[in-house]
Amino acid sequence: MSSENTQNPQQDYDYLLPSTTHAPVKPEHSAHIDVQRKPTHTPRFYQPIETIKLPIQGSAWEVIYNHLAYSFRIDRVYVELGVAVFWVCKDDIVGVLTKLKSLGYEVLSEMSAVDMLAKDNRFEMFYQLHSVQEGFDDKRRVRVKCYLGENEQMDSISSIFSLALWSEREAYDMLGIRFVNHPNLTRLLMPKDWVGHPLRRSYPLQGDEYAAWYEIDKIFGKEYREVIGAEQRDSARVDPNDARSFSKLDAIGEESEGLYMDASKALFVKDIARAKKIRLERRK
């Protein structure tokens, strides 16, 4: 696991060239901070081990770095877990990725963002590129990163990599990041009239009040709220006595008041206990 945000005093990262310091931006409001200070699980004695960051000089990616540095400002660069990582300005992202594609990195395997709003009021964008060309065995993958402010927009790269047509829509849907010049920047996973962005760390784990009533309001209408009740969106909730929402199964198919499972076929049949089961000699 990478832990770039926590400096290790035993390691010297002076070789990360050029030396540009990103001063943290203090958020104007504390709307995001409260949620991130309440982790669901915090091991008392676990300390994450930082991944080793090696200098780009002398590596197989040095020639790639030289090509980029000739035309663009590279804030930081290093090799981490067999991947060359380039930190650039967000306004250069289209030019940098266009250049990398011309150098042989023709596949965008992944792109998204990390919500760092509670820490310094910005997102961490990342673009993972891959080369399938011969002669790239020692430098197959590169990752491009940049920072994006909460209220800033990002240039779309969908004209360079078609995969971004979907990835950028997902980032817009889940994180609320807007991409300039995307041909169809609409929600991808959530309903088009959904309120909020579920992958932001400030978004409640069980959904907000709007999420609790969304399907009730859409299907039945708000006047049925008191009749039906709010949706249960707690993914960690399991009620063994609720046979309507949770399967009440035994391990080997003993008689049960709830559902019955034939362990040999993993077939679910509602309200049929073992005593009422009829075994067929052969399938019809």
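**Close-up 1. Arg169, a buried residue without a salt bridge in this predicted model.** Arg169 is buried, and Asp173, the nearest side chain of opposite charge, is 7.3 Å away. A salt bridge requires a distance within 4 Å, so Arg169 and Asp173 do not form one. The residue belongs to helix 5, which covers residues 164-175.

**Close-up 2. Surroundings of the Arg169 side chain.** A polar atom of this side chain lies 2.8 Å from the backbone oxygen of Arg187. Leaving aside residues up to four places away in sequence, Arg169 touches Ala164, His182, Asn184, Leu185, Thr186, Arg187 and Leu188.

**Close-up 3. Strand 3, covered on both faces.** Strand 3 spans residues 83-88, and six of its six residues are buried, so the strand is largely enclosed by the rest of the structure. On one side are Val83, Val85 and Trp87. Ala84, Phe86 and Val88 are on the other side, and these too are buried.

**Close-up 4. The hairpin of strand 2 and strand 3.** Strand 2 (residues 74-80) runs antiparallel to strand 3, and six bridges join the two. Ile74 has Val88 of strand 3 as its bridge partner. Two residues lie between the strands, and in this turn Leu81 has a positive phi of about 55 degrees.

**Close-up 5. Strand 3 beside strand 6.** Strand 6 (residues 141-149) runs parallel to strand 3, with four bridges joining them. Ala84 has its bridge partner, Val142, in strand 6. Ala84 is also one of the buried residues of strand 3.

Terms used: Residues numbered from 1 in each chain as written. Predicted model: local features only at pLDDT ≥ 70, side-chain atom pairs only at ≥ 80, totals over all residues. Heavy atoms only, no water. Buried < 20%, exposed > 50% of the residue type's maximum accessible area, 1.4 Å probe, protein only. Pairing = 2+ DSSP bridges. Lys, Arg positive; Asp, Glu negative; His and termini not counted. Polar contact = N/O pair within 3.5 Å; in protein donor to acceptor, adjacent residues only side chain to side chain. Contact = heavy atoms within 4.5 Å.
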